[in-house]
Amino acid sequence: QVQLQESGPDLVKPSQTLSLTCTVSGGSITTNSYGWSWIRQAPGKGLEWMGAIHFDGSTYYSPSLKSHTSILRDTLKNQFFLQLSSVTPEDTATYYCASRLGGQWNSWGQGTQVTVSS
């Protein structure tokens with residue numbers, strides 16, 4: 001069973017770049033057919049899919065976030081990363097990383113709370 005763990009700062013100032021890491025264990029991020037996503041949930045709102053990096057390195061982004069989102073990976077460390085630039089208080093949320101296989105969500109991290117505030 002794949003396990004995921006998010007890490008990163010819990011407080012970011014407006015206009016800065018938020019950088020989060022998802023460390024994967026129990027499986028490789030290059031395993032065929034897997035997709036690795038970032039999802040967030042703002043207070044009082046539903047889950048919002050932000051984007052994904054697939055096993056082959058291809059990336060996909062939510063159209064609403066594409067202009068200031070990047071998802072990268074380090075295959076040697078079996079990690080993938082979220083970079084969200086020019087953050088505002090509206091980016092305050094719990095951020096999750098998750099794996100997807102065959103159209104089904106496979107495993108989720110526990111989530112990390114990030115607050116954007118000066």
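**Figure 1. The largest nonpolar core of this predicted model has 25 residues.** Zoom in on the core and look for Leu4, Leu18, Val24, Trp36, Trp38, Phe80 and Tyr95, the residues with the most contacts inside it. Which elements give two or more residues to this core? They are β3, β4, β5 (47–54), β8, β9 and β11 (112–116). Strand β3 hands over the largest share, four residues. If you're wondering about the general idea, nonpolar side chains in soluble globular proteins tend to be buried together.

**Figure 2. A disulfide joins cysteine 22 to cysteine 97.** Search the whole structure and you'll find one disulfide. Here the two sulfurs sit 2.1 Å from each other. The link between cysteine 22 and cysteine 97 is right-handed, with 70 degrees about the S-S bond. Where do the two partners lie? Cysteine 22 belongs to strand β3 (residues 18–25) and cysteine 97 to strand β9 (residues 93–101), so the pair ties together parts that are 75 residues apart in sequence. Are these cysteines buried or exposed? Cysteine 22 is buried, and cysteine 97 is too. As a quick reminder, a disulfide is a covalent bond between the sulfur atoms of two cysteines.

**Figure 3. Serine 37 sits in strand β4 (residues 34–41).** Why does serine 37 count as buried? Its relative accessibility is just 3%, and the cut-off for buried is under 20%. Now follow the side chain of serine 37: it makes a polar contact with the side chain of tryptophan 49, at 2.9 Å. Leaving aside neighbours within four places in sequence, serine 37 is also in contact with Gly51, Ala52 and Phe80, as well as Tyr96, Cys97, Ala98 and Trp105, and Trp49 is on that list too. You've met one of these partners already: Cys97 is half of the disulfide in the previous view.

**Figure 4. Threonine 75 is in the loop between β7 (69–74) and β8 (79–84).** How does threonine 75 count in terms of exposure, and why? With 39% relative accessibility, threonine 75 counts as partly exposed, because that class runs between the 20% limit for buried and the 50% limit for exposed. Which residues does threonine 75 touch, if you don't count those up to four places away in sequence? The answer is Ile29 and Thr30. Take a look at threonine 30 in particular: along the chain, threonine 75 and threonine 30 are 45 residues apart, while their C-alpha atoms are separated by 7.2 Å.

Technical notes: Residues numbered from 1 in each chain as written. Predicted model: local features only at pLDDT ≥ 70, side-chain atom pairs only at ≥ 80, totals over all residues. Heavy atoms only, no water. Buried < 20%, exposed > 50% of the residue type's maximum accessible area, 1.4 Å probe, protein only. Contact = heavy atoms within 4.5 Å. Polar contact = N/O pair within 3.5 Å; in protein donor to acceptor, adjacent residues only side chain to side chain. Disulfide = S-S within 2.5 Å. Core = buried A, V, L, I, M, F, W, Y, C linked by side-chain atoms within 4.5 Å.
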